[in-house]
Amino acid sequence: MKQFLLLLPIIFGGFFANAQHEQIKLKYSYGDLEPFVDSTTMRIHYSAHHATYVKNLNKALEGHADLKNMPLIMLLKNINSLPQSIQMAVRNNGGGVYNHNLFFDVLTPASNSVMPNELQKILTAQFGSVDLFKAEMEKAASSRFGSGWAWLLVQPNGKLTVVSTANQDAPFMDVSFTEGHPIFNIDVWEHAYYLKYQNKRADYLKRLWNVVDWKQVYQNYLSATGE
Ligand SMILES: [Fe+2]
């Protein structure tokens, strides 16, 4: 037994040294968000775009045993401290992994898109109404030039704020820092909507509200505020 315990660091050290970032599992099928997000877009978004971000993140970390064991969020908070040769790869692909992990997790079939009363009260208290909150998210999402994201963050004082980031940046990256913990985001890369909505990003944004997993957003709020 004692010998086994002595071997544990070697066994798990080896395991973690080979740790790979993995793609999250979707909680729904590709077609379950129809007609608001089409099945083909979901399939390509998840199985091609997101899968490629995961693959390229792992590739960037090859040969960096110390960084392979680091949680993704820590990598992204410390982009500037990474070896320069992999900073852009981790920023783009690591951001792509984190941002989509959250985005895919806050979507759900329309039949399940029901906002808890508690979240409704919180959004109303902080933005004036749920509609005003949605308008602020849509403004951040539609005014983002090119590719990027709109975000709902919980700041350390508990207040909610809406921001946007470019490309695959996450708000907490040390290269584009905005204080706060993300609890909801919207992907405004064209790959998220172009097949169905073409250049009409505003239409995509309006219809996306039908498939938001508000229960998950509320859970994320509770986690972020420690409630
Ligand atoms: Fe995307």
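What follows is a working chat about a predicted model of a protein with an iron ion.

Me: Before I set anything up, how high is the average pLDDT of the protein?
Reply: This is a predicted model, and the protein averages a pLDDT of 92, with 92% of the residues scoring at least 70.

Me: And where does pLDDT stay under 50?
Reply: That happens over residues 1-17, a stretch for which the model has six contacts beyond four places in sequence. Where pLDDT is low, the predicted coordinates should not be read in detail.

Me: OK, on to the metal. Which residues coordinate the iron ion?
Reply: The iron ion is held by His45 through NE2, His100 through NE2, Asp187 through OD and His191 through NE2, at distances of 1.9 to 2.1 Å. Along the chain, these donors follow the spacing H-x54-H-x86-D-x3-H. The pair His45 and His100 links distant parts of the chain, since His45 sits in helix α2 (residues 39-61) and His100 in helix α5 (residues 84-105), 55 residues apart.

Me: What geometry does the site of the iron ion have?
Reply: The site is tetrahedral, with angles of 91 to 130 degrees among the four donor atoms. For reference, the ideal angle for four tetrahedral donors is 109.5 degrees.

Me: His45 and His100, buried or exposed?
Reply: His45 has a relative accessible area of 2% and is therefore buried, and His100, with a relative accessible area of 0%, is buried as well.

Me: Switching to the strands, how do β1 and β2 pair?
Reply: Strand β1 (residues 148-154) pairs with β2 in the antiparallel sense over seven bridges, and one of the partnerships joins Leu152 to Val162 in β2. The two strands form a hairpin with five residues between them, and Gly158 in that turn has a positive phi of about 90 degrees.

Me: What about β1 and β3, over how many bridges do they pair?
Reply: β1 and β3 pair over six bridges, also in the antiparallel sense, and Leu153 has Pro182 as its bridge partner in β3.

Me: Why is β3 described as largely enclosed?
Reply: Six of the seven residues of β3 are buried, so the rest of the structure largely encloses this strand. Strand β2 (residues 160-166) is mostly covered, with five of its seven residues buried.

Me: Which residues touch the most other members of the largest nonpolar core?
Reply: That core has 67 residues, and the ones touching the most other members are Val90, Leu123, Phe133, Leu152, Phe184 and Ile186. Taking Leu123 as an example, and not counting residues up to four places away in sequence, its contacts are Met115, Gly128, Ser129, Val130, Phe133, Leu152, Leu160 and Trp214.

Me: Now backbone oddities. Which residues does a cis peptide bond join?
Reply: A cis peptide bond joins Glu34 and Pro35, with omega at about 0 degrees, and Pro35 lies in the loop between α1 (2-17) and α2.

Me: Which residue other than glycine has a phi near 55 degrees?
Reply: That is Asn167, whose phi is positive and whose place is in the loop between β2 and β3 (181-187). With a relative accessibility of 41%, Asn167 counts as partly exposed.

Me: And where does Gln198 lie?
Reply: Gln198 lies in the loop between α8 (194-197) and α9 (201-208), and it has a positive phi of about 45 degrees although it is not a glycine. Its relative accessible area is 33%, so Gln198 is partly exposed.

Me: Two asparagines to finish. Is Asn58 buried or exposed, and what is it in contact with?
Reply: Asn58 is in helix α2 and counts as buried at 9% relative accessibility. Leaving aside neighbours within four places in sequence, Asn58 is in contact with Gln20 and His21.

Me: And Asn92, which helix is it found in?
Reply: Asn92 is found in helix α5, where its relative accessibility of 32% makes it partly exposed. Setting aside neighbours within four places in sequence, Asn92 is in contact with Tyr53 and Gln168.

Me: How far apart in space are Asn92 and Gly63?
Reply: They are 19 Å apart from C-alpha to C-alpha, and 29 residues apart in sequence.

Methods:
Residues numbered from 1 in each chain as written. Predicted model: local features only at pLDDT ≥ 70, side-chain atom pairs only at ≥ 80, totals over all residues. Heavy atoms only, no water. Donors = N, O, S within 2.8 Å, 3.2 Å for Na, K, Ca; no water. Tetrahedral: all angles 85-135°; square planar, octahedral: opposite > 155°, others 65-115°. Helix = DSSP H or I, 4+ residues; strand = E, 2+ residues; numbered from the N terminus. Buried < 20%, exposed > 50% of the residue type's maximum accessible area, 1.4 Å probe, protein only. Pairing = 2+ DSSP bridges. Contact = heavy atoms within 4.5 Å. Core = buried A, V, L, I, M, F, W, Y, C linked by side-chain atoms within 4.5 Å. pLDDT = per-residue confidence, 0-100.
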